Each structure stands twice: as C-alpha cells, then as structure tokens.
Amino acid sequence: MTAPPLHLAVALDAAGWHPAAWRAEDARPADLFRAEYWADLVTEAERGLLDFVTFEDALGVQSAAFHRPDDRVDQVRGSLDAVLLAARVAPLTTHIGLVPTANLTHTEPFHVSTGLATLDYASTGRAGLRPQIASRAADADHFGRRTTPRLTDEDVRDPERIGRRLSPLFDEAADAVEVVRRLWDSWEDDAEIRDAATGRFIDRDKIHHIDFEGEHFSVRGPAIIPRPPQGQPPVMSLAHASVPYEFAARAADAVWITPHDRAGAEAVLAQVDTAVRRTGRDTRARPLLRFAEVLVFLDAEPGAAARRKARLDDLDGAPLASDAEVFTGTPGELADLLLDWREAGLDGFRLRPGALPHDLVGITRGLVPELQRRGAFRTAYDATTLRGHLRLPRPGSRYARAS
Amino acid sequence: MSGPETTGRKQIHLAAQLPGIHNVTVWSDPRSRSQIAFESFRHLARTAERGRFDFFFLAEGLRLREHKGQLYDLDVVGRPENLTQLSALAAVTTRLGLAATVNATFNEPYEVARRLATLDHLSGGRAAWNVVTSFDAFTGENFRRGGFLAESDRYARAAEFLATARELWDSWAEGDVRADAAAGAFVRPGAGRFAHHGEHFAVSGRFTTPRPPQGHPVVIQAGESGPGREFAAAEADVVFSKYNRLDQARAFYRDVKSRLARYGRTPDQLKILPTATVVVADSDAEAAAYADEITRAQVSPQTAIAHLEAVWGRDLSGYDPDGPLPDIDPAPDAQMLKGHSLFRRDRDEIARGWRALAEERQLSIRDLVIEVSGGQTFVGAPGTVADAIDHFVQTGGADGFVLVPHLTPGGLDDFVDRVVPLLQEKGVFRRDYTGPTLRDHLGLRHEPAPAPVPKETP
C-alpha cells in the first residue's frame with residue numbers, strides 16, 4: 001500500500017519570506033505592486049501542479065516586530081488587498097487553488113463572504129479563505145471603531161500567551177467564519193429557476209435568511225450572490241498554540257502548523273487532536289487537513305542555498321527569524337524531510353519560498369519532479385476545483401430540506 | 001489623413017453597466033445567459049472595450065429586495081461583489097475603466113481606500129469609485145454596526161469619507177517606493193503615515209498601499225437632490241444621472257456645470273453621464289417593434305401588479321393585470337417594497353397621477369406600468385441612434401451615456417458593431433484609446449502627488 005500523494009502549497013508574500021529577499025539578484029522589487037509579477041508567480045506555481053497558492057495580507061504595514069509597527073526602510077513595506085490580488089490572477093490560471101488572507105476583526109463578514117464567493121465564481125471553483133485576526137493593536141487605529149488587546153514584549157515570547165491574550169478575537173473570528181459559511185449556504189444550489197410561466201426568476205423558498213445572532217454582531221442575510229461553485233470554499237488557518245488550534249477545529253477545513261522536526265510535528269498534531277475533541281468536531285464528517293509549514297531555500301548544488309541565505313542574512317543585519325522551520329538544501333534533501341515529517345500524520349505542506357521567484361522555481365522545477373519520482377506527488381491535475389485537489393467532497397447547503 | 005478629433009465637435013463618453021437587479025434585464029429571453037458566471041462579465045467587458053468605452057460599471061448589492069415581506073422573485077437577483085469582480089476583469093481587458101459602487105455607510109475609509117488603490121494598481125490605473133451612502137436600516141441588518149444614518153447626514157459623511165480616502169491615497173507620495181536594492185532602501189521614511197480626526201472618522205496609523213497609478217481613482221457620484229448636485233460639483237469626476245430626456249437633461253446639465261466654478265473647477269472637469277438604453281435594428285420600424293417587445297418582456301403581468309402594489313401599499317394580487325386600476329386608495333404608511341429605491345416617497349401623489357393617466361388614456365394595469373416605466377431611450381436604425389446620441393451631446397444634454405443593455409451578455413454587441421463605427425465616422429467618438437488610464441479616457445488630469453517629504457515619526 002502506498003501513502004496518498006502529498007498536498008503541496010506555496011505561500012506567496014512580497015519578494016519572499018526573507019526580509020532581504022527583495023535585494024536578491026533575480027528579485028523584482030520594483031514590480032511588487034504590479035499584476036504581472038503576481039501572474040508570473042502563480043502561473044509558475046500552476047506549472048508545478050501545486051494544490052494552491054496563498055496570498056499573505058495584513059491591515060497594517062509590515063514590521064520586523066510581531067506586535068507593533070517599526071520604522072525600517074530597508075525591508076519591503078506596503079501591500080495590496082489579497083482577495084483582489086487572487087481575483088486578478090484567477091482568469092489567467094485554470095487549475096491552481098487561490099487562497100487569499102482576509103481579516104475578520106475589522107472587516108464585515110458579509111463583505112468577506114461575498115468577496116470569496118465572487119472569487120470562487122471568477123476562478124470557477126478554486127477559491128479558499130485564510131481568515132486572520134488583527135493581532136496588532138495599532139491596526140485598530142486605522143478604523144477608529146474599537147480597540148483590541150495590546151500584546152507586550154513579554155507576551156510575544158510565548159505563542160500560548162499570545163493565544164490567550166487574543167482569545168476574544170479568535171472567538172469573534174469563529175463567529176465571523178460561521179456567518180461567512182452560512183451566507184454561502186443561504187442560497188440552495190438550485191434557487192435560480194427562471195420560470196417564465198410564473199414570471200419568477202428565483203424560487204424564494206430556496207433562499208434563506210441566516211439570522212445569525214452572536215455576542216459581537218448579528219447578520220440577517222441572505223447573501224446577495226448565489227451559492228459559490230464549491231458550495232463552501234475551503235477555509236484554512238495558521239496556528240501556533242491551543243487557542244488557534246481550537247479556532248481551526250471549530251472553523252477551518254485545514255490547519256497549517258509550524259513544527260521544527262518530526263517529533264515536533266507529532267506533538268503539535270496531538271494538540272490539534274485534543275482541540276478537535278474539545279470542540280466535539282466529527283472529522284469523519286468534516287475532515288480537518290493538516291499541513292506543516294517550512295521556509296525553504298533551494299538550490300541544486302549542495303551548499304548553495306545556505307550560502308544564499310547567509311548573504312541575505314548579512315544584508316538584513318541578522319539571521320532570518322521565523323515561526324516555521326527554515327530549510328536550506330537541495331530538492332532531494334527537502335523531499336527527504338517532507339516524506340519523513342509526513343509520517344507524523346501530515347496531509348501536506350505549505351512551503352514559504354525564502355526568495356521569489358528563485359525558491360518558487362526551486363519548488364516547481366526541483367522539488368516537484370523529485371517527489372514525482374518517488375511517487376509522492378501528482379503528475380497531472382485530476383480535478384479543476386480546490387476541493388477536488390484536496391479530496392474534500394462538495395457539501396450540500398445546510399438549509400436544503402432533506403427530500 | 002484628417003483625424004476625427006480635428007472636427008472640433010464635442011467628444012462623447014460611453015460607459016456600460018451590467019444591470020443587476022430591477023426589471024431592465026429580460027431574463028426570459030432565450031439569449032439570456034448567467035448573471036453571475038464570470039464568462040458573462042468577460043463578454044460584456046470585452047465588448048465594451050472593443051467599442052472603446054471609457055469604463056464598465058457594476059452597482060452594489062448589500063441586501064436582497066423584499067416585497068410583501070418575502071424575497072422579491074420576479075427580477076434578476078444575485079450578483080458578485082463588485083471590486084473583486086472588477087479585479088478579475090482587469091485580467092481580461094487592457095484599457096477599459098473599471099468602476100464600482102461602494103457604500104460609504106457599511107464600510108470604513110481605510111478598507112475602501114485600500115481596495116480601490118489595489119484595483120488601481122492591479123489594473124494599471126483604471127479604477128473608479130461611485131460613492132454612495134445609505135440611510136437604510138433594512139440593509140444595516142447585514143452588518144456588524146447595523147447602524148444607519150439620518151438622511152441629512154448622508155452627504156456630510158460621504159464628503160468626509162471621501163476626504164479621508166484621499167488623505168490615505170496621498171499618504172504615499174510618488175516615488176515613496178524606491179526599491180533600491182544596492183542602497184538597501186525599499187521605502188522612503190514615513191511612507192503611508194496618516195492621521196485624520198473629523199466628525200465622522202478618527203483614524204491614524206500607516207496606510208499599507210502605495211500611491212495608485214492614477215493618483216486618485218476616478219470619483220463618481222449619482223444624486224439628483226440639491227445637496228447631491230453640490231457634492232458632485234465639489235468632489236466628483238463623473239456624475240451619473242437619470243435624466244435621459246433631452247429637456248430635463250439640459251436643465252440638469254446646465255445646473256450642475258454652473259456649480260463647478262464655485263469650487264474653482266472648469267466645466268470639463270466633471271462629466272455628466274445619464275443612464276440610457278439602446279434598441280437598434282435594421283430599420284426604424286423594426287427597432288420600434290423590438291423596443292415594444294422588450295418593454296412588454298420587462299413588465300410581465302406579475303411585474304405590473306407588483307409595481308402597483310409597491311405604490312398602493314396593498315395586496316393587489318386579486319386584480320387582473322389586463323383590467324383597470326383599482327379604485328381603492330393607497331394604504332397609508334405601508335411599506336411593501338424593501339431594499340428598493342423606487343417608490344420610497346410620495347406614493348399618494350404617484351397613485352393619483354397613475355390613476356388619472358390610466359383613466360384619460362384607457363390603460364390597463366400592465367399598459368399603465370409599461371407607460372410609466374419610460375420605455376427605451378434610443379430606438380432606431382444604427383444611423384438614427386448615432387444621430388440622436390450625437391445630437392443629445394452636442395446640444396448640451398450630456399457628456400455621454402452609461403448604456404444599460406437589456407440582455408446579458410450579448411446586449412451590447414449590436415451597439416458596438418453597428419453604432420460605434422458611425423459615431424467614429426462623425427468624428428465624435430475615439431477610434432482608439434489615447435492613454436492607458438481611465439483619467440486619460442475621461443480627459444481628466446492625474447491627481448498630482450504631494451511632495452515626497454520625509455515625515456516625522458510621532
């Protein structure tokens with residue numbers, strides 16, 4: 001018996017995940033706010049048959065500090081709205097999943113739901129949602145409506161402390177995802193009837209108010225857009241501690257974790273299992289896929305990737321710091337690592353290219369063929385939707401009456 | 001070669017709108033396709049671009065309409081979120097402007113400014129924003145704030161919302177993105193820093209998105225009231241108007257253009273575009289017959305009764321749409337239609353007028369509703385339509401039109417294939433785009449950037 005093929009995603013962020021990546025030789029720093037740059041990256045990822053790409057985003061300017069702004073000018077600062085970015089590349093691609101980040105603390109779940117459904121239509125079933133809370137208190141000043149918990153220097157040394165401090169925001173975000181999902185379901189799949197005999201465009205019995213009442217907000221519904229092609233675009237969240245593991249268990253279809261070795265992966269997955277049990281989720285009915293993240297520098301020649309990273313570290317003035325494991329090596333060595341970690345019970349990986357486009361190309365043209373040779377990755381797309389790639393069935397609307 | 005632009009005649013601006021709701025769209029026509037599939041939008045946008053239109057416009061939906069306490073089911077319903085959709089359309093067009101209504105009541109300036117700046121970047125300078133506000137608690141039920149506005153506050157909030165968005169766009173100067181790898185300087189110090197403390201908004205911090213290619217995306221406004229006209233004269237680059245009858249249109253045009261000087265603006269800095277429909281066929285007679293057919297499809301018997309109920313505030317389902325109007329009076333204060341801008345006010349007066357018209361002309365309910373629905377704006381053979389549009393613009397009725405096709409997605413094809421070439425021959429419409437941005441198409445200057453002075457860190 002062979003293991004099912006790995007799921008493989010790439011996390012796109014500016015010029016790459018190394019803060020000095022924009023200064024690498026083949027970087028395109030002047031193009032970071034141009035559509036062509038992103039189209040080239042996503043097209044390359046699709047050439048590599050990846051399950052999906054993700055688009056990072058935040059409501060504040062990037063910072064070297066986790067919890068507050070900085071004034072550095074030697075790193076990439078500035079970003080575009082990730083949902084619009086994903087939509088911009090959707091018509092230029094045909095298979096790859098597109099998973100933008102959307103903030104749920106300061107934006108309206110109604111807008112997030114409609115925007116993602118629109119992306120799902122524009123991509124004919126390839127949208128996913130990565131919900132994000134606003135962990136930086138400074139972001140609240142951009143909106144002037146509320147305050148959010150302010151993390152201290154002490155807090156940010158420990159993910160568990162961060163999670164506890166921000167747990168009200170995770171609770172609120174879980175409600176927001178629930179609203180987003182209910183709105184997706186609020187039109188049954190066959191609500192549009194175009195019945196000329198009775199003059200009715202829709203069957204209004206198949207479109208439903210969602211009547212969500214939560215602690216923080218209420219939303220009446222229904223959606224203004226029919227049910228998206230995937231029914232429910234997959235929701236995926238990044239998590240480092242028990243509170244966000246529980247958020248994932250409540251709200252997500254996939255959780256992204258950041259272990260540093262195989263034993264660490266086993267330990268985190270046990271915590272995820274605990275969170276799943278605590279929330280009472282039935283993962284046979286609603287699978288929760290588990291992805292690990294690795295920040296990668298890839299070169300075919302042994303030692304080259306480490307040298308490249310060291311040069312970027314020098315430019316930035318400090319060794320690269322990341323929540324995820326930082327890998328430097330050859331595609332073969334990375335394939336060894338991924339297949340070893342997978343034994344902990346992982347479904348796949350979201351890889352963070354250290355520098356773009358270099359390490360993306362290393363993944364698509366180095367790692368992918370290596371995994372294919374070992375029978376661990378697809379050699380052609382066999383589905384056209386993100387749910388199809390992830391082998392998640394298309395759910396019916398919760399509001400459809402059992403017939 | 002004598003270029004058409006040398007004729008000295010006023011150049012016409014054209015935009016297209018994909019109608020979402022209302023009974024403009026004839027969904028029962030066999031040629032009618034999906035109102036939601038991306039392919040429909042791609043076809044319409046590409047047709048508009050082939051016709052060298054200035055822009056493609058999408059209105060906004062925030063709540064489904066209800067009639068007699070139930071979802072209104074007779075018209076097309078269901079539409080995408082417009083900025084996301086326009087961003088996708090930016091991938092399949094190269095010059096066409098991309099305009100969206102975004103409500104200033106159920107959004108915050110920071111996110112709207114950011115999304116519009118993003119669309120402007122991702123389209124290479126083709127974004128436009130139709131600024132509207134809502135005072136509608138019905139719509140508010142879909143949003144966290146749930147709140148709504150006193151109607152008198154609408155333009156004050158809209159003006160401050162727009163001013164705040166402009167401050168955010170200006171928070172990055174031209175050239176703040178240096179991307180100088182050798183020097184290790186990606187941004188200029190202080191790029192994006194902003195602070196706004198006003199009556200409606202108190203916001204500060206750093207804006208994430210560099211200055212948009214157009215400086216500021218084009219600002220559109222639609223409002224017929226006095227405060228609306230004043231807001232347009234002060235703030236807007238384009239005004240949408242409902243006045244597509246020449247006499248009314250000229251009065252509106254004169255009035256709005258005359259207000260510009262007060263704000264130090266010239267008449268050509270604001271384009272006035274009424275919405276219009278076009279029915280074109282081989283001959284005038286054929287077009288007239290087709291226009292009739294379209295109007296009857298737009299006002300089905302069920303639609304006729306529903307429109308009457310909206311005005312009367314009563315259940316009139318027992319009445320025969322081919323029979324006379326009811327002799328009972330409208331119900332006081334009954335609100336049958338929610339989420340719909342029509343018939344919000346003066347329903348008694350509308351009912352009196354409709355009854356008088358029906359009695360005088362011996363009209364059935366359906367004929368009456370067809371009569372008051374206004375029919376089609378430009379009807380005729382291609383030459384007739386081109387002449388009428390040209391006359392309308394040259395005689396001071398408008399700077400151009402927003403065309404609303406009755407069919408999705410093929411409803412613009414005939415106009416673009418048969419009427420646009422005639423307008424080009426007349427020398428009143430561009431044969432090709434002369435610049436890459438929507439501001440270029442509209443003949444508007446790019447918003448000058450503030451000087452790139454390093455800002456102090458507070």
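**Figure 1. Surroundings of helix H2 of chain B in the predicted model.** The buried residues of H2(B) are covered by elements of both chains. From chain A, the cover includes helix H2 (82-89) and helix H3 (109-122). From chain B, it includes helix H1 (38-50), strand E2 (55-58), strand E5 (97-103) and helix H3. H2(B) itself spans residues 82-90 and is mostly covered, with nine of its nine residues buried. Among them are B:Asn82, B:Leu83, B:Thr84 and B:Gln85. The N-terminal end of H2(B) is capped by B:Glu81. A side-chain oxygen of B:Glu81 lies 2.9 Å from the backbone nitrogen of B:Leu83.

**Figure 2. A:Val83 and the residues it touches.** A:Val83 belongs to helix H2 of chain A, and its relative accessibility of 9% places it among buried residues. Leaving aside residues up to four places away in sequence, A:Val83 touches A:Pro100, A:Thr101, A:Ala102, A:Gly115 and A:Leu116. A:Val83 also touches B:Thr84 of the other chain, a buried residue of H2(B). A:Asp189 is 106 residues from A:Val83 in sequence, and the C-alpha atoms of these two residues are 24 Å apart.

**Figure 3. The closed barrel of chain B.** Eight strands form the barrel, in the order E1-E2-E5-E6-E11-E12-E13-E17, and their pairing is parallel. From one strand to the next, the twist averages 30°. Strands of a sheet pair through backbone hydrogen bonds, in either a parallel or an antiparallel arrangement. Strand E13 (residues 271-276) and strand E17 (residues 400-403), both of chain B, run parallel and are joined by two bridges. B:Ala276 has B:Leu403 in E17(B) as its bridge partner.

**Figure 4. Strand E2 of chain B and its pairing with E1.** Strand E1 (residues 13-17) of chain B runs parallel to E2(B), and three bridges join the two. B:Ala15 has B:Phe55 in E2(B) as its bridge partner. The side of E2(B) to which B:Phe55 points is shared by B:Phe57. B:Phe56 and B:Leu58 point the other way, and these four residues are all buried. E2(B) is also part of what covers the buried residues of H2(B).

**Figure 5. Strand E12 of chain B, covered on both faces.** E12(B) spans residues 238-241. On one side are B:Val238 and B:Phe240, on the other B:Val239 and B:Ser241, and all are buried. Strand E11 (residues 218-222) of chain B runs parallel to E12(B) and is joined to it by three bridges. The bridge partner of B:Ile220 in E12(B) is B:Val238.

**Figure 6. An aromatic cluster with members from both chains.** A:Phe143, B:Tyr110, B:Phe194 and B:Phe207 make up one cluster. Over all chains, the whole structure holds 25 aromatic pairs. One of these is the tilted pair of B:Tyr110 and B:Phe194, with 6.0 Å between ring centres and 35° between the planes. This pair links distant parts of the chain, as B:Tyr110 lies in helix H3 (residues 109-122) and B:Phe194 in strand E9 (residues 193-197), 84 residues apart. B:Tyr110 is buried, at a relative accessible area of 1%. B:Phe194 is also buried, at 9% relative accessibility.

**Figure 7. Arginine residues over aromatic rings.** In chain A, A:Arg352 sits over the face of A:Trp17, 4.5 Å from the ring centre. In chain B, B:Arg63 sits over the face of B:Phe138, 3.8 Å from the ring centre.

How values were computed. Residues are numbered from 1 along each chain as its sequence is written. Chains are lettered from A and ligands numbered from 1 in the order in which they are written. This is a predicted model: local features need pLDDT of at least 70, side-chain atom pairs count only at pLDDT 80 or more; totals for chains, interfaces and linings use all residues. Side-chain values use heavy atoms; hydrogens and water are left out. Two strands pair if DSSP finds at least two bridges between them. Axes are lines fitted to C-alpha atoms, for helices over the stretch in contact, and angles run from 0 to 180 degrees between N-to-C directions. Rings of Phe, Tyr and Trp (its six-membered ring) pair if their centres lie within 6.5 Å; planes under 30 degrees apart count as stacked, over 60 as edge-to-face and the rest as tilted. Buried means under 20% relative accessible area, exposed over 50%, partly exposed in between (1.4 Å probe, protein chains only). A charge sits over a ring if NZ of Lys or CZ of Arg is within 6 Å of the ring centre and within 35 degrees of the ring normal. Contact means heavy atoms within 4.5 Å. A polar contact is a pair of N or O atoms within 3.5 Å; within protein, one must be able to donate a hydrogen and the other to accept it, and residues adjacent in sequence count only if both atoms are side-chain atoms.
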